[in-house]
Amino acid sequence: MRRRKYTQRKQIKRGLWCLLTLFVMCVFFYPIYTAVITSLKTNQEISRSVTALPQRLGFENYRDAMERSDFMRSLINTCIVTFPSVALIVLCSSMGAYSIARNAKQYRMFGWLDRIYLSSLMLPFQIMMVPIYKIYKTLGLQNSLFGMVLILTGTSIAYATFMYVGFIKSVPREMEEAAEMDGCGPYKVFFQIVLPLLKPVTATVAALHVLWLWNDFNIALIILQKEQVRTLTVKQFYFFSQYTTEYGMAFASAILCMIPVLVFFLFAQKYLIEGVSAGAVKN
């Protein structure tokens, strides 16, 4: 009798958890559902109902959005500023974090550098907008994809370094000492011994920053003002004007902007899982 009651309670609890999971899934997928069906509607259908299904599957909004936003050029610009920035972030933050983690106790300067990085995380970007704009205008880096890579890298290194420092502290120093006894210099020790052990946190840092930099809007809006260098997120902004709003094309452009990131995560998922697994069994 007790076993039957225990089994019933377990089934009820499992059923409640399933209902809660379905509810949370619906909450998270509702915006995606709204974006997809809105991108397939005409303006008249959107004005009648936002949540209703379209009367027919029309892809005119996607065609018009690609033409209006010069999608291929914007996609290339976004790739140019995103992936080199992520590579520089991983390289610079991992090397900086290694120096901080290994020398903070011995040299006070590295400890202060760690605190400065942590303090910079509390500064909102809105405080830096005007100085960045003036500096870039003075240096001639405005409307430059290279300048965009520099500012994206600079504003992201602090958080990435913070993530690396905690992980590097858990890496044993015995392997580094053995490599140094074999004649390896500091750079060889880092790139051949330490960096391969940082695969879990490197995968996390790269995945997060690809997502953040791909969707960056504030920095791109003030730096990239010419039509030829605008990224996808800035192009979407111009579907919303003072007197008219092209909701169908705006949502179609947003979905087109999401597709490359989704494809990236599908291909990177294997490496993310391998990295997390490697970190779980690391001594």
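## Close-up views of a predicted model

**View 1. The largest pocket in this predicted model.** About 550 Å³ of space lies in the largest pocket. Its lining numbers 20 residues. Leu-123, Phe-125, Met-128, Thr-155 and Ser-156 are the lining residues nearest the pocket centre. Four helices each supply at least two lining residues: α6 (125-139), α7 (145-168), α10 and α11 (218-223). Helix α7 gives the most, with 7 residues. By class, the lining of the largest pocket divides into 12 nonpolar, 7 polar and 1 charged.

**View 2. The second largest pocket and its lining.** This pocket has a volume of about 340 Å³. It is lined by 15 residues. Closest to its centre are Asn-215, Gln-236, Ala-254, Cys-257 and Met-258. Helices α1 (2-39), α10 and α13 each contribute at least two residues to the lining. Helix α13 gives the most, with 8 residues. The lining of the second largest pocket holds 13 nonpolar and 2 polar residues, and no charged ones. Helix α10 thus appears in this lining and in the lining of the largest pocket.

**View 3. The cavity between probe-inaccessible walls.** The count comes to 1 cavity of 30 Å³ or more. About 40 Å³ of space lies in the largest cavity. Its lining consists of Thr-78, Val-81, Met-148, Leu-213, Trp-214, Asp-216, Ala-220, Thr-231 and Thr-233. Helices α4 and α10 (199-214) each supply at least two of these residues. The lining of the largest cavity comprises 5 nonpolar, 3 polar and 1 charged residues. Asp-216 is one of the lining residues.

**View 4. Packing of helix α4 against helix α9.** Two packed helices are described by the angle between their axes and the distance between the axes. Helix α4 spans residues 71-103, and helix α9 spans residues 186-197. They pack at an angle of about 105°. Their axes lie 12 Å apart. Angles of 65 to 115 degrees count as roughly perpendicular, and α4 and α9 are therefore roughly perpendicular to each other. On the α4 side, the contact is made by Leu-91, Ser-94, Met-95 and Tyr-98. On the α9 side, Tyr-187, Val-189, Phe-190, Phe-191, Val-194 and Leu-195 take part. The residues of this contact divide into 9 nonpolar, 1 polar and no charged.

**View 5. Confidence along the protein chain.** The mean pLDDT of the chain is 83. At least 70 is scored by 92% of the residues. Which elements have the lowest and the highest mean pLDDT? Helix α13 (residues 247-280) has the lowest, at 74, and α4 has the highest, at 91. Over residues 278-283 the pLDDT is below 50. Beyond near neighbours in sequence, this stretch has 7 contacts in the model. Where pLDDT is low, the predicted coordinates should not be read in detail. Helix α13 also gives the most residues to the lining of the second largest pocket.

Methods
Residues are numbered from 1 along each chain as its sequence is written. This is a predicted model: local features need pLDDT of at least 70, side-chain atom pairs count only at pLDDT 80 or more; totals for chains, interfaces and linings use all residues. Side-chain values use heavy atoms; hydrogens and water are left out. Axes are lines fitted to C-alpha atoms, for helices over the stretch in contact, and angles run from 0 to 180 degrees between N-to-C directions. Angles under 35 degrees count as roughly parallel, over 145 as roughly antiparallel, 65 to 115 as roughly perpendicular and the rest as oblique. Contact means heavy atoms within 4.5 Å. Ala, Val, Leu, Ile, Met, Phe, Trp, Tyr, Cys and Pro count as nonpolar, Asp, Glu, Lys and Arg as charged, and the others, Gly among them, as polar. On a 1 Å grid over the protein atoms alone, a cavity is a set of points where a 1.4 Å probe fits but cannot get out, and a pocket is an open set with protein on both sides within 12 Å along at least five of seven lines; lining residues have an atom within 4 Å of a point. Grid points are joined across faces, edges and corners, and a volume is the space filled by probe spheres set on the points. pLDDT is the predictor's confidence in each residue, from 0 to 100.
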